[in-house]
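Here are my notes on the structure you sent over, set out as numbered points. I hope they help you find your way around when you open it on your screen.

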Amino acid sequence: MRVLVIDTIHGGLDIARYLSARGHFTDVVDIYRGSTGIDPRTAALREYDLAVAPVHLDPGHPLLQSLAIPVISHHVAVRWILGKDRPSPFVEITGSRGKTTTACALAHAMDGPGILHTSAGTYRFPEHEQIGKKSITPASVLPAAEEASRTGGWLIAEVSLGCTGAGDYGIITSGEDYLFAGKKRHALVEKVRSAQSMPRFLVAPGIDAPGAVRVEDVAVSQGDSCTCCCGGRTTAFTSPLLSVESYRTPLMLAAAAVCELGGEPARLSSFRAIPGRMSESREGDVRVIDNANSGTSGPTTLDAAEYARKITGLDEITLVIGKETGAVCEGFPAEELIAAIGKIRPARVILVGEEYAGIEVIPGCAGVPLTHAGSLKEGASLARSMTRQGNIVLSVKCWR
């Protein structure tokens with residue numbers, strides 16, 4: 001089969017390599033940089049049997065419009081490549097926030113050997129050994145699945161913008177929506193649609209998804225306790241993280257999933273906060289709450305500030321907030337960021353990102369000392385130099 005693979009910088013090269021290894025002829029087009037493969041004009045003139053394009057590509061893109069052949073997504077191509085050679089259980093996790101926390105919590109509670117693939121890295125369990133670091137584009141599932149199959153273990157994988165459908169269990173971690181693909185598609189609609197191709201899938205509260213298992217029907221959280229009921233058994237665990245909003249839903253999802261997969265949710269009692277997801281550290285008289293990750297948002301920023309004040313009893317916060325340039329597709333909207341600053345009323349703000357110029361004069365931010373930084377690293381360094389006591393909250397949207 002002659003296959004045209006579109007978009008090389010979001011896993012297209014990997015998809016092309018796998019297809020070529022299986023005997024297919026492939027051409028690739030780098031539609032964003034134009035530095036790899038053939039150009040779109042050449043591709044439009046050649047004959048192919050199939051095209052593979054990312055779901056985030058604008059459906060009105062001239063190259064797509066010129067094609068008179070079937071077009072499948074990168075997600076579907078990954079399912080095709082894997083075929084029947086898939087690890088089991090294989091859990092796919094998608095959503096605008098909470099993916100990494102849910103994935104790590106679920107891996108913590110699983111039995112036996114397995115592979116955990118997240119935006120933070122790919123790990124072998126039970127050793128917790130990092131074996132690689134790739135993005136969470138659909139193509140990154142391929143080497144993770146190969147390794148899980150080789151070792152005879154499970155696979156838990158984060159996937160951006162939906163599930164590949166190759167897994168036997170899916171999880172949608174949040175109901176937040178945004179427009180993508182040239183602002184012509186709704187992210188939540190795409191995630192729900194993709195998950196419905198799986199044998200079973202679980203959704204966070206507030207998601208309307210026919211055929212899904214609702215987490216609140218399996219796991220109920222109150223205070224620092226969570227009770228799970230599934231398969232005729234009831235089990236419970238306790239964790240101080242359940243009192244933190246950004247951990248409550250991921251822990252409930254992990255508990256419900258592991259319960260349905262036959263594991264033991266009680267193991268989540270020993271799960272600890274992970275770096276970039278409300279992890280806590282102390283530097284002299286200053287407490288640092290690290291909430292800088294790809295899912296950072298206004299609500300998680302408020303959670304981090306509340307958590308910081310709760311554990312220290314101190315009101316003073318140096319807030320490092322924003323979005324690293326080009327870091328994450330859905331961004332950190334200025335109005336959301338401004339609202340968070342207004343509600344937190346930090347002692348000072350260090351702003352990361354070029355798109356927030358002029359917010360210091362907007363009501364809610366006016367009067368708060370504000371400094372600009374070019375990255376999370378620079379912002380964190382500035383915060384440490386400015387803060388003698390109290391709290392530093394890192395809340396920058398970025399890949400880590």
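1. **Overall picture.** Please keep in mind that this is a predicted model. The chain holds 11 helices and 23 strands. Its radius of gyration is 22 Å, close to the 21 Å that the globule rule gives for 400 residues, so the chain is as compact as a globular protein of that length. Along the principal axes, the C-alpha atoms fill a box of roughly 65 × 55 × 35 Å.

2. **The four-stranded sheet.** Let's begin with the open sheet of 4 strands, which follows the order β2-β1-β3-β4 with parallel pairing. Because β2 (25-29) and β4 (71-73) each have a single partner strand, they stand at the edges, and one side of each is left without a neighbour in the sheet. From one strand to the next, the twist averages 25°. Inside this sheet, β1 (residues 2-6) pairs with β3 (residues 50-53) in the parallel sense over 3 bridges. If you want a landmark there, take Leu-4, whose bridge partner in β3 is Ala-51.

3. **Helices on that sheet.** Which strands does helix α1 touch? Helix α1 (residues 8-21) packs on the sheet against β1, β2 and β3, and its direction makes about 170° with that of β2. Helix α4 (residues 74-82) also packs on the sheet, touching β1, β3 and β4. The direction of α4 makes about 85° with that of β4.

4. **How α1 meets α4.** These two helices pack with their axes 11 Å apart, at an angle of about 30°. Angles under 35 degrees count as roughly parallel, and α1 and α4 are therefore roughly parallel to each other. The crossing in which α1 passes α4 is left-handed. On the α1 side, the residues are His-10, Gly-11, Gly-12, Ile-15, Tyr-18 and Leu-19, and they meet His-74, Ala-77, Trp-80 and Ile-81 in α4. Sorted by class, this contact has 6 nonpolar, 4 polar and no charged residues.

5. **The six-stranded sheet.** Further along the chain, 6 strands form another open sheet, with mixed pairing and the order β18-β19-β23-β20-β21-β22. The edge positions belong to β18 (279-283) and β22 (370-373); each has a single partner strand, so one side of each is left without a neighbour in the sheet. The twist here averages 20° from one strand to the next. Strands β20 (residues 317-323) and β23 (residues 390-397) run parallel and are joined by 7 bridges. To find that pairing on screen, look for Val-320, which stands opposite Leu-394 in β23.

6. **Helices on the six-stranded sheet.** Helix α9 (residues 298-312) lies across β18, β19 (286-290), β20 and β23, and runs at about 160° to β23. Helix α10 (residues 334-344) lies across β20 and β21 (348-352), running at about 175° to β20.

7. **How α9 meets α10.** Here the axes are 9 Å apart and the packing angle is about 20°. That makes α9 and α10 roughly parallel to each other, and their crossing is right-handed. From α9, the contact is made by Gly-298, Pro-299, Thr-301, Leu-302, Ala-305 and Arg-309, while α10 brings Glu-336, Ala-340, Lys-343 and Ile-344. By class, the contact of α9 with α10 has 5 nonpolar, 2 polar and 3 charged residues.

8. **A hairpin to look at.** Strands β7 (residues 121-125) and β8 (residues 129-132) run antiparallel and are joined by 3 bridges. Thr-122 stands opposite Gly-132 in β8. This hairpin has 3 residues between the strands, and His-128 takes a positive phi near 60°. The loop between β7 and β8 also holds Pro-126, which a cis peptide bond joins to Phe-125, with omega about 10°.

9. **Other backbone details.** Where else might you look for a cis peptide bond? One joins Ser-88 and Pro-89, with omega about -5°, and Pro-89 is found in the loop between α4 and β5 (90-94). Please also check Ala-181, which has a positive phi of about 55° although it is not a glycine. Ala-181 is found in the loop between β11 (179-180) and β12 (185-186).

Technical notes
Residues numbered from 1 in each chain as written. Predicted model: local features only at pLDDT ≥ 70, side-chain atom pairs only at ≥ 80, totals over all residues. Heavy atoms only, no water. Pairing = 2+ DSSP bridges. Axes fitted to C-alpha atoms, helices over the stretch in contact; angles between N-to-C directions. Contact = heavy atoms within 4.5 Å. Parallel < 35°, antiparallel > 145°, perpendicular 65-115°, else oblique. Left-handed = near helix turned anticlockwise from the far one by under 90°. Nonpolar A, V, L, I, M, F, W, Y, C, P; charged D, E, K, R; others polar. Rg over C-alpha atoms; globule rule 2.2 N^0.38 Å.
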